[in-house]
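Visitor: Please show me the model. I would like to ask how its labels are earned.

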Amino acid sequence: QVQLVESGGGLVQAGGSLRLSCAASGSIFSFNTMGWYRQAPGKQRELVATISSGGSTNYTDSVKGRFFISRDNAKNTVYLQMNSLKPEDTAVYYCNAQLRRVGVPVEYRYWGQGTQVTVSS
């Protein structure tokens with residue numbers, strides 16, 4: 001089994017910062033792309049940022065220059081540093097990882113349970 005556990009969400013005032021973490025555990029052979037998605041009430045889940053196994057990053061336009069994704073391969077962890085937060089960033093944030101499990105020849109995508117981020121104006 002593979003588990004992705006997010007942490008670091010909470011309530012913050014506009015202009016503040018939060019750092020999300022997502023730690024993966026289980027019988028994992030290798031990681032590929034990892035990323036963060038978010039879903040606001042009444043909206044579809046959307047991509048926030050991704051980071052490849054080689055460290056290449058990709059961001060949705062609305063967070064460029066404010067959010068920064070990073071990963072620590074030794075700890076099987078991906079981070080999302082969120083700065084200059086806005087009320088429209090309020091959502092449940094989900095971690096996603098494309099990985100191979102030990103003994104399984106193909107990659108699958110796994111999701112965390114989500115962590116709430118609320119930005120007050």
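Guide: The questions below take up the sheet, the aromatic contacts, the core and several single residues.

Guide: This is a predicted model, in which local features need pLDDT of at least 70 and side-chain atom pairs count only at pLDDT 80 or more, while totals for chains, interfaces and linings use all residues. Residues are numbered from 1 along each chain as its sequence is written, and side-chain values use heavy atoms, with hydrogens and water left out.

Visitor: What makes strand 1 and strand 3 a pair?

Guide: Strands are DSSP runs of E with at least two residues, numbered from the N terminus, and two of them pair if DSSP finds at least two bridges between them. Strand 1 and strand 3 (residues 18–26) have 6 bridges in the antiparallel sense, so the pair meets the definition. Within it, glutamine 3 has serine 25 of strand 3 as its bridge partner.

Visitor: Why are strand 1 and strand 7 called edges of the sheet?

Guide: The sheet is open, has 4 strands in the order 1-3-8-7, and pairs in the antiparallel sense. Strand 1 (2–7) and strand 7 (67–72) each have a single partner strand, so one side of each is left without a neighbour in the sheet. On average, neighbouring strands of this sheet are turned by 15° against each other, direction ignored; the axes behind such angles are lines fitted to C-alpha atoms, and angles run from 0 to 180 degrees between N-to-C directions.

Visitor: How do you know which side chains of strand 1 are buried?

Guide: Buried means under 20% relative accessible area, exposed means over 50%, and partly exposed is in between, with a 1.4 Å probe and protein chains only. Val2, Leu4 and Glu6 point to one face and are buried, whereas Gln3, Val5 and Ser7 point to the other and are not. In a regular strand the side chains alternate between the two faces of the sheet.

Visitor: Why is the pair of tyrosine 37 and tryptophan 111 called edge-to-face?

Guide: Rings of Phe, Tyr and Trp (its six-membered ring) pair if their centres lie within 6.5 Å; planes under 30 degrees apart count as stacked, over 60 as edge-to-face and the rest as tilted. For tyrosine 37 and tryptophan 111 the values are 5.0 Å centre to centre and 65° between the planes, so both conditions are met. By this rule the count is 1 aromatic pair. Tyrosine 37 lies in strand 4 (residues 28–39) and tryptophan 111 in strand 10 (residues 107–111), so the pair ties together parts that are 74 residues apart in sequence.

Visitor: Are the two residues of that pair buried or partly exposed?

Guide: Tyrosine 37 has 16% relative accessibility and counts as buried, whereas tryptophan 111, at 37%, counts as partly exposed.

Visitor: What makes arginine 45 lie over the face of tryptophan 111?

Guide: A charge sits over a ring if NZ of Lys or CZ of Arg is within 6 Å of the ring centre and within 35 degrees of the ring normal. Arginine 45 is placed over tryptophan 111 at 4.7 Å from the ring centre. Arginine 19 lies over the face of tyrosine 79, at 4.1 Å.

Visitor: What makes a set of residues a nonpolar core?

Guide: The set holds buried Ala, Val, Leu, Ile, Met, Phe, Trp, Tyr and Cys residues joined through side-chain atoms within 4.5 Å. The largest nonpolar core has 31 residues, and Trp36, Leu80, Met82 and Tyr93 have the most contacts inside it. Strand 9 gives the most to this core, with 5 residues. Contact means heavy atoms within 4.5 Å; beyond four places in sequence, tyrosine 93 has contacts that include Trp36, Leu80 and Met82.

Visitor: Why is glutamine 1 called exposed?

Guide: Its relative accessibility is 74%, so glutamine 1 counts as exposed. Glutamine 1 lies in the segment before strand 1, and its C-alpha atom is 8.3 Å from that of arginine 101, 100 residues apart along the chain.

Visitor: What is noted about the phi values of asparagine 76 and serine 84?

Guide: Phi of asparagine 76 is near 50°, a positive value in a residue other than glycine, and phi of serine 84 is likewise near 50°. Asparagine 76 is in the loop between strand 7 and strand 8 and, at 25% relative accessible area, is partly exposed. Serine 84 is in the loop between strand 8 and strand 9 and is partly exposed at 41%.
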